[in-house]
Amino acid sequence: MQLDSIRVVAKREYLQRIKGKGFWIATLIIPLFLVAVTVLPSLLLAKAETRQKVVVVDSTGQAAGELQSALAKPSAPKAAKPDGERGRGGNTSFEPTVEPPGPDRAAQREDLDRRVRAGQIDAWIWVDPAGLAANHVEYHARNVSNFVTQEALRDSLSSAIRRVRLRQAGFDPERIGALTQPVDLDTVKIGKEGSRAEGGLAGFAFAYLLFMMLYMVIAIWGQQVMTGVLEEKGTRIVEVLVASVRPFDLLMGKLIGICCLGLTQIIIWFTTLIVVTAPGIVASIAFLPAGMHKPTVTFVLAINFAIFFVLGFFVFATLYAAIGASFNNVQEAQQVAAFVIFFLIAPLFLMFRIVNDPDSTLAVVASLIPPFTPLLMTLRIALQPPPLWQILLSYVLTLTFIWGMVWLAARIYRTGILMYGKKPTIQEIWRWVRYA
Amino acid sequence: MEPILELVDVRKSYGDFTAVSGVSMAVPPGSIFGLLGPNGAGKTTTIRMIMDIIAPDSGEVRFFGHPRTAKDLGRIGYLPEERGLYRKMTVVDQLLFLAEIRGLKSRDALPEIERWLERFELASWGKKKVEELSKGMQQKVQLIGTVLHKPDILILDEPFSGLDPLNQEMFREFLVESRRQGKSVLFSTHGMELAERMCDHICLISHGRAVLTGELSAIKRRLSGNSYRLVADGDLARLAQVPGVEQVLAQERSAKLLLAPDADGAAVLRQIVQFADVREFRSEEPELEEIFIKAVRDAA
């Protein structure tokens, strides 16, 4: 290994690519894309708040008032709770008007239907004595598939009818409110150990953040490693280079250069993110409700996060390099390259089980398998620091894996240089590895 | 004088196909050495074995009097058959990279690059991307890339292919100048005329075997006794049937004849006058092209 050669190759990779349009386009487009898929839908949902004009026709003569006041409340009681799922769907509010029952019921119903079709009102509710006795209230609307609206509606109607019945049973309307007051549920989670339950979420979030960052950087730059190797082979630049640089140094330089590029990108993103959101974060921490835990990030975790990010990049980039070295054109290589992402996604499925039991044999073994280590070891460190020897062992194993893969790729590269126009078989690749 | 580069019985097969079967040759210092042969003869495979891009099945490559080491390759400037440059890099960046990868410092390399671009009439193209250059220009850029680190030996695979006559002349002058500076040049070609004008030594490869090798002037002298120039009117197509004539290179109203080693020039002439009106018949040094064709045919 010649550090000088590696440095020159890495420098070229970095400077050439950072001068290119591709880097800046990716750097700009990806945050925009993320904003588009995360922020926009919630903005749209927020905008989607609707007021439904509802006509209430009550032929019992007792429920109309209660129904109107129940529906007219700013939002259904449940929707007001800080319960994300419900809150999102509960953006529907009602604008009820009570209309007296007409002499001809059938004609009135037809007229209401007509008004719904004409768009003058959104729905109408029909209460009659027979229905009420049988616990039925009719709801007619153009769209009856929105079960969130219906559930909010059912809650409102139920509580209104309940009040009507209680009043009919002779209860004082004043006291009904107090008697039917719902209880609040104070949730206290009991983890295996007190601290773990709280750490679980933070750890999960951390591993997930690492996953997202790795995924993005690998999706962009892993492919670049592969196409870069293919370009050198395809244009025969490599014939000039191998006389001066060992293939191992060439590949290692390429990986380092492109890794630095990925890091530059991440730094640009984070700096922008921090500058844009810092005031908001500071403000929100100050206003955090007393009971809520601030997410805590230890120094050890932050360091490991950074190290495993770089290692993770190398693990996957070396796989791409090996694939690039084995094939002659992008199309052939891409078919195989699709499998690389599998190694990145596979540990995601293990994450849930590891959160539950970070010291299980499964967790220990899986977190020591190099392609899984970056995600799973970070997760374990975030949950509950594993023994030091395991962390160190995972470093050693991952570095060995990277070294071995570059060595392997270099051998394939060295021998594969002179193969063209032919898709190599596994046996041939194996022969190249042993030759060279 | 001890050869600066020597091949000893080098062989290479790909499965059943023998690309090079036992080539031996020696490049003396300060000479221009032509590796000649038809397409597919094994020239590029031989050069790649010299450059350690592929390993020979057997045989030895020796540089500067000893078996090749990795360090020797640093003293060589190599121009591969297929020109390889990073398409998106500018000419200067590209050359700087090639210089740095061979251990030059960029502050030393930059003036050199300027000088060479000037010399090859590319001075105004330094900031352009390689993909914007014509093929001939790219070839010149690549040649500059091969010589920046001041190699002792230049190994050029088909350096003249795809060049217009002006650029061919520029390359030729450059090679002759390199020889004057004491460097050795080995280049492959199937263009006999250029080789004839420049080469001191040749090795002629056909079907993977070296069929003729040595100093060009000596080879010519050896074959000159049997080579004749004929100027005549008549049915020159019949020349090939004349006993004693081994090879005919016919042109308009004239032909180069190569006779069998034991043939008698006068006897052959007596045969020819029977069907042609001979104006001229004289002994002449053979051209490399004749030698080439005869050697390839004999070897087949």
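Let me start with one residue, B:I155, which touches B:I47, B:I50, B:M51, B:I76, B:Y78 and B:L186, leaving aside residues up to four places away in sequence. Please keep in mind throughout that this is a predicted model.

B:I155 is also listed, together with A:L251, A:L255, A:A317, A:A321 and A:A409, among the residues with the most contacts inside the largest nonpolar core, which has 139 residues. Which element gives the most to this core? That is helix 12 of chain A, residues 299–326, with 14 residues. There is also a second core, separate from this one, which comprises 24 residues and includes A:V56, A:W124, A:V137 and A:A152.

Now to the sheet in chain B. Six strands make up an open sheet with mixed pairing, and their order is 6-7-8-3-9-10. At the edges we find strand 6, residues 76–79, and strand 10, residues 209–215, each of which pairs on one side only. From one strand to the next, the twist averages 10°.

Two helices of chain B deserve a mention here. Helix 1, residues 43–50, packs on the sheet and touches strand 3, strand 7 (153–157), strand 8 (184–189) and strand 9, with its direction making about 145° with that of strand 7. Helix 5, residues 135–147, lies across strand 6 and strand 7, and it runs at about 160° to strand 6.

I would like to finish with strand 3 of chain B, taking its two partners in turn. With strand 8 of chain B, strand 3 pairs in the parallel sense over five bridges, and within that pairing B:I32 has B:V185 as its bridge partner. With strand 9 of chain B, residues 201–206, strand 3 (residues 32–36) likewise runs parallel, here joined by four bridges, and B:L35 stands opposite B:C203.

How many of the residues of strand 3 of chain B are buried? The count is five of its five, so to speak of this strand as mostly covered is fair. As for the two directions in which its residues point, B:I32, B:G34 and B:L36 go one way while B:F33 and B:L35 go the other way, and all of them are buried.

How values were computed:
Residues numbered from 1 in each chain as written. Chains lettered and ligands numbered in written order. Predicted model: local features only at pLDDT ≥ 70, side-chain atom pairs only at ≥ 80, totals over all residues. Pairing = 2+ DSSP bridges. Axes fitted to C-alpha atoms, helices over the stretch in contact; angles between N-to-C directions. Contact = placed C-beta atoms within 7 Å. Buried ≥ 20, exposed ≤ 12 C-beta atoms within 10 Å, placed from the backbone. Core = buried A, V, L, I, M, F, W, Y, C linked by C-beta atoms within 7 Å.
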